[in-house]
Amino acid sequence: IIEWGSPALLQLWLEHCSEKNKIIQPEWIPLLLDTGVKVKQLRPFIQRCCGKRGQWLAQFQPDWQFGAETDEAALWETGTLEERKTMLAAIRASEPAKARTLLQEVWNRENAATKAELLEPLIQKAGNEDVPWLETLLHEKSSKVKEAALKILKAIPSSSIVQAYWQILQWSVQVKTTKGLLGIGTSLALEIKLATVEESIFKTGIQPLSGETHISDDHFILYQLIGAVPPHLWEDHLSMDKNAIL
């Protein structure tokens with residue numbers, strides 16, 4: 001990955017390592033520390049994935065002394081926006097609750113643009129514990145902040161938004177028994193008809209009008225709602241396995 005020269009791919013790899021509480025093999029530590037010298041946004045991830053051996057090794061090379069744990073608090077308080085986002089993402093990968101708490105502690109003193117940016121890393125490992133706070137952010141004045149919070153909430157099945165979508169879909173998609181060919185036997189078919197949609201749903205990012213002449217508005221709304229709910233919910237609702245549903 002390093003030979004390919006893709007910082008984004010390397011960051012993804014390091015995020016997975018951090019999430020699984022893994023550290024890299026010792027022989028790769030110098031190469032990663034050298035990479036951190038050149039690519040600043042990777043430093044928090046490299047620090048975590050090199051572990052105690054990396055901290056020990058860094059003391060022998062001044063250029064590698066960029067990620068001491070004691071600097072984390074200072075970086076969060078005084079770093080650039082990109083540095084803070086990168087640090088938050090690194091923490092979120094292995095300690096989701098800590099990342100959320102860090103952001104909550106500084107929330108009231110940040111401006112709207114910074115809030116929206118710092119929310120982005122929280123989509124990683126978004127879960128039920130995040131829902132109560134994120135739902136309060138839907139009342140923020142800034143549309144950017146509300147959009148950022150909505151994006152994360154849509155990734156959490158237990159959020160009130162996803163549940164509202166699912167309630168509409170349960171009424172909109174039903175299994176019906178129909179007669180077979182020439183009236184012989186019976187077969188199952190899906191009856192799909194958009195149920196009543198409250199106006200509030202369209203304030204969550206669902207678009208009410210189709211931009212394609214061959215797709216009706218109702219089908220376009222259904223398409224968006226279906227894409228926002230976990231597929232496994234259909235198995236319980238329709239009492240079928242996924243192959244039958246497909």
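**Exercise 1. Find the partner of E77 and work out what the pair joins.**

Start with the contact itself: E77 and R109 form a salt bridge, and their closest N and O atoms are 2.6 Å apart. (A salt bridge here is a side-chain nitrogen of Lys or Arg within 4 Å of a carboxyl oxygen of Asp or Glu.) Next, place the two ends. E77 sits in helix α4 (residues 72-78) and R109 in the loop between α6 (96-106) and α7 (112-119), so the pair ties together parts that are 32 residues apart in sequence. (Helices are DSSP runs of H or I with at least four residues, strands are runs of E with at least two, and both are numbered from the N terminus.) Last, check the cover: E77 is partly exposed at 47% relative accessible area, while R109 is exposed at 53%. (Buried means under 20% relative accessible area, exposed over 50%, and partly exposed in between, with a 1.4 Å probe and protein chains only.)

Before you go on, keep in mind that this is a predicted model, where local features need pLDDT of at least 70, side-chain atom pairs count only at pLDDT 80 or more, and totals for chains, interfaces and linings use all residues. Residues are numbered from 1 along each chain as its sequence is written, and side-chain values use heavy atoms, with hydrogens and water left out.

**Exercise 2. Follow the salt bridges that reach helix α5.**

How many salt bridges does a search of the whole structure find? The count is eight.

Take R84 to begin with. Its side chain meets that of E110 in a salt bridge, 2.8 Å from N to O. E110 belongs to the loop between α6 and α7 and R84 to helix α5, so this pair ties together parts 26 residues apart in sequence. Now look at the cover: E110 counts as buried at 15% relative accessibility, and R84 is buried too, at 8%.

Then move to K85. It forms a salt bridge with E120, with the closest N and O atoms 3.0 Å apart. This pair links distant parts of the chain, since E120 is in the loop between α7 and α8 (131-136) and K85 is in helix α5, 35 residues away. K85 is buried at 13%, whereas E120 is partly exposed at 43%. To finish, add E117: K85, E117 and E120 are linked in a network of salt bridges.

**Exercise 3. Is T86 buried or exposed, and which residues does it touch?**

First, locate T86 in helix α5 (residues 81-94). Its relative accessible area is 9%, so it is buried. Leaving out residues up to four places away in sequence, T86 touches Q41, P44 and F45. (Contact means heavy atoms within 4.5 Å.)

**Exercise 4. Track down two residues with positive phi.**

Begin with N21, a residue other than glycine whose phi is near 55°. You'll find N21 in the loop between α1 and α2 (29-38), and at 64% relative accessibility it counts as exposed.

Now try S239. Its phi is also positive, near 55°, and it isn't glycine either. S239 lies in the loop between α12 (233-238) and α13 (242-245), and it is exposed at 66%.
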